[in-house]
Structures are given as structure tokens and as C-alpha cells.
Amino acid sequence: MNNKFYITTPIYYPSAEFHIGHCYTTIIADAIARYKRLAGYDVFFQTGTDEHGLKIENKAKEKGVTPKEYVDKIIADAKDLWEQLGISYDFFIRTTDEFHVKRVQEIFKKLYDKGDIYKGEYQGLYCVPCESFWTSSQLIDGKCPDCGREVGLVKEEAYFFKLSKYQQKLEEFYEKNPDFILPVSRRNEMLNNFIRPGLEDLCVSRTSFTWGIPVSFDEKHVIYVWIDALTNYITSLGYPDNDELFKKYWPADLHLVGKEIVRFHTIIWPAILMALDIPLPKQVFGHGWLIIDGGKISKSKGNYKDPREYINAYGVDAVRYFALREVPFGSDGNFSEKALITRTNADLCNILGNLVSRTIQMGIKYFSGNIKNKKVTESIDIDLIDTKNRLKSEVDQKMRELKINEALEIIFELLRKCNKYIDDTTPWILAKDETKLNRLETIIYNLLDAILVSTTLLQAFIPSTSEKIFASLNINKRDFNNIYDEVEVFALGNEKPANLFERIKED
Ligand code: ME8
């Protein structure tokens, strides 16, 4: 059985410290990676940084340091952020890594030898902060459509990749692989707005800056961003000179990217791979943006806080949960501290935290922490038990469709039902009647059982909270293999559980 799963985030520009938008993609990739690991897959989860280019060269100059010194500092900071967020990446690639530099040069040479890269002259409108060339029709009011700044006319000798040659092959690939791009709307956009109108050859080298990977056979050229950056997904696996990991993990199962770089991942990247004669990734998911006050969170606009401030104030799982739950995956959504607080209070504190603490406290108070299923079942239990029994397969289905927020919604639906079940069965009244103790124990057992199944799933999304719940239940961590194994006796011990989430003041 081939049960590997290779998932990637974009490699981010370390031009400034990372913001909540970068956390968004990375948290989601992490949750998917963890989910697959719990399901028994051999997962390779990669993230990293895209370190070359004029923008970083300029930033370093401003600071009076070398580009490498400049990025090193930001990358150390990024790694600290990922650690604080519990990002379980298997590999962090830097485009300045020596192996990457060497392999990119080999790939470039391969494409050149094949005739898919040739020398020509480039002329275009260039936006320095975005490192993007634009055609005049793409400009908005004569300015860069991404950041709204001035663009300048640039003319230089350059190498080109024969993207036009792959137009038809790309169309055929899209036809045969309807799930290649998700959501479907982005697939249609790529086909109708870019591929069908015709693809132009792509400029893949520059002479206007030096902070990049030199073309090995023509050193005044540096390899321009897309061949340098996109190839990170294969150089990390050893391509082209070492095929051990490459054989094992390629093709990628899922490239997660923001919607603004879907085009690069679904047109340019597949064409490069076709030219190299290697298989295409199975899927590219283009997600929406977190927006602040109607605009994209942006390093150049500086309209954000360091994500660690949110982690310190509200806990890592509040931030993770918000990223995973708040916005339908694929759409744009609003980010604000207020929304983060509201979401944390409503779900993590009122539903999850409250349920776990009430249930465990009742278990301790009424049964000294030892709860067995006395099987005094009533009809009111059926819905709860059925929902719990269906939970895993329903969440699986949502995760297959990458409807991450809906996966969490279903888990929280069960937790909400548990809270209602407590209100409806009124354990505190049963506890006063000696003859009802077996019924009471069954109720607590059902609650603990539902919490256990939910927590097993929640590990992928909010791992540190899940760990605390396992500890309170006094049960070893489970994975999806044994998620429904029956617990004979819950032996909770006698310690009052720590509060999972404190209610945050909303003003
Ligand atoms: O594009 N909301 O790097 P980058 C959601 N180096 N996601 C956001 C976001 C927001 N407001 N802001 C950023 C690059 N992101 C290239 C990629 S890949 C071979 C090269 C996330 O630092 C989102 O995933 O600009 C987006 O695609 C990525 O960060 C862009 O990061």
C-alpha cells in the first residue's frame, strides 16, 4: 500500500517578520499533516523560505548588512514562531541551502540543454517590492495591481522558458485531472483567463541584481524567482542527483498556496515538471486571504501584530483554532483580535473547556474518578452515541474535501450535544437518588467516551489542548487505529482538572 503523503506550504519571503497570514497557511498545512499521521500515513511536511531577489537585496542594503545576514535573522525568528505554534514540519528548506543552489543550477542546465530554455531579451514593467513583471493591461491606474505602487520599464538580456510549448499539454492535463486545482472556481479561472488565451514564454533570469543563484554557464545572469523557488519542492527530496527521498515522496500530494500564487503553481510549475519529464503534483489548493479592514495583511503595509502576542495572550490553540475554524477554507475572511477572542470564548471556553471540566469533576465527585459503563441506557443516549460513532468517518470525509472548518464544526457539534445532554439528563438530581447511580454512571461514561473520541480527532488541530485532555482522562494518546477501542473503566484519579481555557474579557 502506498500510504505516503507529501504536503507543502509556499516558501515565504523573509523580507520581514512573518505575520498571521503566513501562520494561516502553515497552521492549516500542519493540521492536515498531523491528521494524515494519525491516520497512519508516512507524511513529509515541508515549509521554508524563498530568500533571493532584489527586494531582499535592497532591504539588506537599507540595514547595512549582507542579504544572508538579513535573512538569517528573520529565519531564526520564523523558526521560533513555528515552534511556538506547534508546527510539525519534517523539513525546512531555504533557497540559500547549498544543495538547493546546486540542484537549481543543474535543473536550469538540463532545461537549457533540452532547448526548453533559450536566451532572448526581456522588456517589461516591473514592480520592485512585489518582484513582479506586469503587462500594461494588468496595471491598475498605471500602477502595480498587487500593491498599488509605481512600476518601472526594465529591458535586459535574459533567458526564457518555453512555457508556450506546454499550453496544449496543460489543457489536456486539466481535462484529465479535474481535481488538480481546488477550489473549482480557481481551476476555471486558470483555464479561461490564462491557459486558453495563450501562454507566453517566461523570463527566468535577471542581470539587474546579484542576490540569487547564478546560471552556471553564464554567470552574469541569476536565475529568476520562479525556477529558483518552485523547484524547492523537489530539490529537498534530492532531485536530480539523489533519488532516495524523491522516489518515496514525489509527486507531492498537496501544495497549499494562497490564491495569488495559484497561477505559478498550476501553470508554470506543471510546465517545468513536464519539461523535466517528471510527474505533476496531485493537487494544488488555493486558499483565500485573511483580511484586515478590507485589505490584505501585508508586510509592506505593516498592519499587523507579531503573532506571538496573540499566542502569549490567548494560548497557542486559540490562534490555531481560529485559523482553522473561522473562515471557510478557500474564501477570504476577516482577521481581528476581537474575532479571535469571540471565537475562543464561544467554542474553546464555553463548549470544549466547560464540557471537559464539568464531566471530569462529576466523575470525581460522584464516583471517586472510576467510571464504568453500567449500560443503563435510555433513548436520550442514542443520538449522542450515534453522533459519536459517525464522527470519525464524517470528519474524514470533510478532511478529504479539505473543508477544514467544517471538520471542526462537526466535532464541536458533538461537544455541544454533550453539554446539552448534561443539561437534559440533570446528573446532579440523579446523584441524590441511590437507585439512580448506575444510570448516572452510564451518563458520565457516555460523556467521557464522546470526549475521548473528539480529543483523538482534535489532536490534529489543537494538539496541546488535546494532550491536556488525554492527561485529565488519564488515558494514553490514541490515533485513528484505536479511536473507537472500548474503555472498560475510566480511571480519572482524584485531581481536579486544570482549566483548559480561561474566559477572555471581550471589551
Ligand atoms: O509568495 N492571508 O511568498 P510570500 C492568507 N515566496 N495567507 C497569506 C496572507 C494573508 N493575508 N499573506 C500571506 C511568496 N499569506 C513566494 C512563494 S512558493 C514556491 C513561493 C500566505 O511571503 C499565503 O499562503 O509572499 C501566500 O500564498 C503566502 O503566504 C505568500 O507568501
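Visitor: What makes β14 and β16 count as paired strands?

Guide: Good place to start! In this predicted model, two bridges join β14, residues 290-292, to β16. Pairing asks for at least two bridges, so the two strands qualify. They run parallel, and one of the bridges links L290 to G333 in β16.

Visitor: Why are β15 and β16 at the edges of the sheet?

Guide: The order of the three strands is β15-β14-β16, in an open sheet with mixed pairing. β15 (295-296) and β16 (333-334) each have a single partner strand, so one side of each is left without a neighbour in the sheet.

Visitor: How do you know that D50 makes a polar contact with the ligand?

Guide: Check the distance. A polar side-chain atom of D50 lies 2.8 Å from a nitrogen atom of the ligand. The cut-off for a pair of N or O atoms is 3.5 Å, so this pair counts. H22 passes too, because its polar side-chain atom is 3.4 Å from a ligand oxygen atom.

Visitor: How much of the ligand does the protein bury?

Guide: Taken alone, the ligand exposes 670 Å², and the protein buries 95% of that.

Visitor: Which element gives the most residues to the shell around the ligand?

Guide: That is α1, with four residues. The shell has 25 residues, and L290 is among those that come nearest. You met L290 earlier, as the bridge partner of G333.

Visitor: What classes of residue make up the shell around the ligand?

Guide: Twelve are nonpolar, nine polar and four charged.

Note on methods:
Residues are numbered from 1 along each chain as its sequence is written. This is a predicted model: local features need pLDDT of at least 70, side-chain atom pairs count only at pLDDT 80 or more; totals for chains, interfaces and linings use all residues. Side-chain values use heavy atoms; hydrogens and water are left out. A residue is near a molecule or strand if one of its heavy atoms lies within 4 Å of it. A polar contact is a pair of N or O atoms within 3.5 Å; within protein, one must be able to donate a hydrogen and the other to accept it, and residues adjacent in sequence count only if both atoms are side-chain atoms. Accessible areas come from the Shrake-Rupley method with a 1.4 Å probe; for residues, only the protein chains shown count as cover. Ala, Val, Leu, Ile, Met, Phe, Trp, Tyr, Cys and Pro count as nonpolar, Asp, Glu, Lys and Arg as charged, and the others, Gly among them, as polar.
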